[in-house]
Amino acid sequence: MSPDTSTEERHEVVLTVNGVAHEVSLPARRLLSDALRHDLGLTGTHVGCEHGVCGACTVLLDGAPVRACLVLAVQCEGVEVTTVEGLGGPDGSLSPVQQAFAECHGLQCGFCTPGFLTTVTAGLRDNPTPTHEEAREMVAGNLCRCTGYQNIVKAVERAAVIAGDATAEEAR
Amino acid sequence: MTTKLMGQGVQRVEDQRLLRGQGRFVDDVLVGQGTLHVAVLRSPHAHARIRDIDVSGVLDVEGVHAVWTYDDLAGLAPNMADPLPLLIPHPALTQGRTQYALAKDEVNYVGEAVAFVVAEDRYLAEDAVGRIQVDYELLPPVVGIEAARAADQLVHPDVPGNVAARLVQDTGAPGELEAAMAAAPHRLSLDLTVERSACTPLEGRGTVARWDPDTNRMTVWSSTQTSTGVRAVVAAKLGLDLGQVDVVTPDVGGGFGVKINHPWPEELLVPLAARALGRPVKFTEDRREHFISSAHERGQLQHIEVGFDDDGRLQALEVTFWHDHGAYIPYGLIVPIITSTQLLGPYKPRVYRVTFESLYTNTVMVTPYRGAGRPQGCYAMERTMDAIAAYLGKDRTEVRAANFIQPDEFPYDQRMTFQDGRELEYDSGDYPAMLEKIKALIGWEEFPRFREEMAAQGRQVGIGLACYVEGTGVGPYEGAHVHIETSGKVKVATGLTSQGQGHQTAFAQLVADELGVRFEDVEVVTGDTRRMAYAVGTFASRAAVMSGSAIHLAAKRAKEKVLRIAAEALEASEDDLEIVDGIVSVRGTTAHIDLGTIAVLSNPLRYAFDERSKLATQFSVGDPGKPPVAEDDEPGLEGKDFYSPERSTFASGMHAVIVETDPRTAEIKILKYAVVHDCGNLINPMIVEGQIHGGVAQGVGGALYERMVYDESGQLLNASFMDFLMPYVTEVPDGIAIDHLETPSPLNPLGIKGAGEAGVIPSAAVFASAISDAEGFPITAMPISPSDLFQLRRTLTEEPS
Ligand code: FES
Ligand code: FES
């Protein structure tokens, strides 16, 4: 265990991530992305730039996509944080968005992927039946260096279909 | 019958982990296990002498465990005081210089590592870095190719003219080029420039190391394209035996070339610190560090002289270019050698001479970036083809067709030496068929009408195309190990690494096909030196060709043993056996045996550990008259093999694009993008198309947006994703039309060629071609932004030449 050697003031915070409350003691300057990864060991959230441009670190705060590298962890008390680890079903099944990315080959190295998954999850919740243009716009704030985005856009459209089918199924 | 998986778009097995956030990238390794973190003090100056470094007070920062400068290195491991290795020596590279792990006496680019700090976390390590005081004496920097050529200032005082190497290759006899040039009915000359860009994978560099004092072993996790390379150099530099070092490549968040260079200073300093401090140590590069302290590529100035006949046939081609390799040259001459050879593309000039100089500048060093010099070569050749067509008033496709190597001319010897030291001999291809396909795909013949329609609406459009040939699958070799376990599951290992290419899937397809097992039962591990100690690495679109072939061969060997044991057990002839879904059966009978049982039988046991293993114990099997393991046999159900081809295999392709340029704002819009691609037989077309998509996006970035903006003092002004314009979805074409041609390679058992770099190679060329076509004047400098185009229009209209 790392000894607590920092002379910095620490703050006791409760971070609620994917429905689980974690009590942590953190310096005020600790980024949410770092707290998730290094203090809670939730390494699914990735850091691609640390300056808010790439979107790899995107998590949902009370459902809204936010760049975890631009938020301090101590600001997040009382907020529901959802990370990529929390997107699937409790039985380990993939969410419609995750499923669509697999079907459409929407990822290569997978480093940008968590940020796309969280972004699209929120996007489709707000707009469950996006047009092609809207599907492109939904992912227009995230960088991917591998896929050339072609299959990511397909995955957004496919996810809308999968989610739509699931909703129709439930309604029956 | 199971259907063959080769050629099918099988969904990737990698995705299940990655989609759930369960990937293991290097920064995810050893989280919270007492791991210490690194920050590096980097030079703020492009060229300076270090007069003094004051680290007093740094260790007073609580949580700081070490601060090292160059002077500390020799005491930690004697070899650490030497410069980093020059990885690829070449006889022409007479002035090779590489950096030290930490700067010794002088710094030669902004970003060069000067001091190394280890602390409890990265925040504290950065605090500590901020306390280090360095006294620099500034020296004049050399920035840009023109300054390097002028050589008024020198990067390294002992390297005259800033020239590391000068290399000439000539396909003709002495005087032949001059004679052919003089005799050619027409002559043209062109001057072209390409600016710097970089790989910029979403995950930067990173290394984690753990020293185990109980076993005297080092484990290194590195985000690398070559785990065996890292292993060898860590052992050599730290003074360890190779057998004491394991290198594991975890998930890698993109490489595109930059991670083939090794060792990075941190790749040595991290294990060194892990051993010295007795704690795991981690370095994770941040984005700014990636811009200023990893590597760039592409920057060249080119001069072309060409002589041709009335049909545009190349009679004499002379190319001279100047390649900016930055402050050091650890990767040797690979990039300019590739430019100089692959420039030829699908064409056969009567005589060709190329000369290049590789020049030092006080900027980040240059190592291969996807395409590795080919985009520049393709640009030079394709701009030349367009210039010839314009001069002769011919269609651009006609001039190209007149110069193609014909399908019946393979193997075709280009009479040059390629990047692997072997002859540049093309194995197969069909360029005329490919040209027909690309013309159909983009609508080449219909374009004039489209242009008119658009013009009627006041809109301006242009069409361009570019052709390339890409040597892929360079040697020396790759190997593979296939192990069938007693569970019937198949464990496969190959030594090269993966950065998102879906190797676990594509390679499992090959094994499933060859061995007759279910795809789900095959598990592939890459880049782990504990599993495969002999390997080269992932670069030059070689993984599928090299490891794919090796895996195929290793699976074949395993299969031979399977059949031998099964034939004995089933008392049948091997010829009558077939394997389907992991069950070996005698054709036309019900007799069968599963692979797991064969694995049990393959390993004569003394001790049973479960019901099935009883089958193999000494009182159950074997002929008491013979040794349990025959003399020429081994226990276990395994196959191992290596693949080492004579020379590279040559993939090819053609891209075409239709662009619209705004007559007022000079905005450049992509209306249609088409790719025809020949990488021989396809293993997984879904993955190949994904590679093309990604390559095209990088190509669009390189052609229209990305450049490294250095000021005259050698500061990189756009070292962030805010300022370096990497394409978002909004910048890439909405849809890429792709068509494949499959001319199998005769050089490997699967008939495959590499595909990884193809998408990016012709981009600068194809956009320059289309924008020229739209604008009606030649484009000679890439990338081109709307403001560049706007300026160009003004200059050309203000002072018509
Ligand atoms: S890491 Fe947060 S946006 Fe890039
Ligand atoms: S899949 Fe590699 S960055 Fe997006």
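A salt bridge here is a side-chain nitrogen of Lys or Arg within 4 Å of a carboxyl oxygen of Asp or Glu. Keep that rule in mind for the tour of chain B in this predicted model.

**Stop 1: the domains.** Colour chain B by its domain assignment: select 15-139 together with 199-293 for domain 1, then 389-472 with 647-798 for domain 2, and finally 476-643 for domain 3.

**Stop 2: where domain 1 meets domain 2.** Put domain 1 of chain B and domain 2 of chain B on screen; their C-alpha centres lie 37 Å apart. Select the residues in contact and you should pick up eleven from domain 1 of chain B and twelve from domain 2 of chain B.

How much area is buried between these two domains of chain B? About 910 Å², with carbon and sulfur atoms giving 64% of that area. On the side of domain 1 of chain B that touches domain 2, colour by residue type to see eight nonpolar residues, one polar and two charged.

Now apply the opening rule: across this interface of domain 1 and domain 2 of chain B, zero salt bridges are found. Look for polar contacts instead, and the count is one residue pair, with both residues at pLDDT 80 or more.

**Stop 3: an open sheet.** Next, show the six strands of chain B that run in the order β7-β15-β14-β13-β8-β29, a sheet with mixed pairing. Its edges are β7 (163-170) and β29 (781-782) of chain B, each pairing on one side only.

Zoom in on β29(B) and its partner β8 (186-194) of chain B: the two pair in the parallel sense over two bridges. To finish, select Thr193(B) and Ala781(B), which are bridge partners, with Ala781(B) lying in β29(B).

Key. Residues numbered from 1 in each chain as written. Chains lettered and ligands numbered in written order. Predicted model: local features only at pLDDT ≥ 70, side-chain atom pairs only at ≥ 80, totals over all residues. Heavy atoms only, no water. Domains from an automatic or database assignment. Contact = heavy atoms within 4.5 Å. Buried area = accessible area lost by both parts, 1.4 Å probe. Polar contact = N/O pair within 3.5 Å; in protein donor to acceptor, adjacent residues only side chain to side chain. Nonpolar A, V, L, I, M, F, W, Y, C, P; charged D, E, K, R; others polar. Pairing = 2+ DSSP bridges. Helix = DSSP H or I, 4+ residues; strand = E, 2+ residues; numbered from the N terminus.
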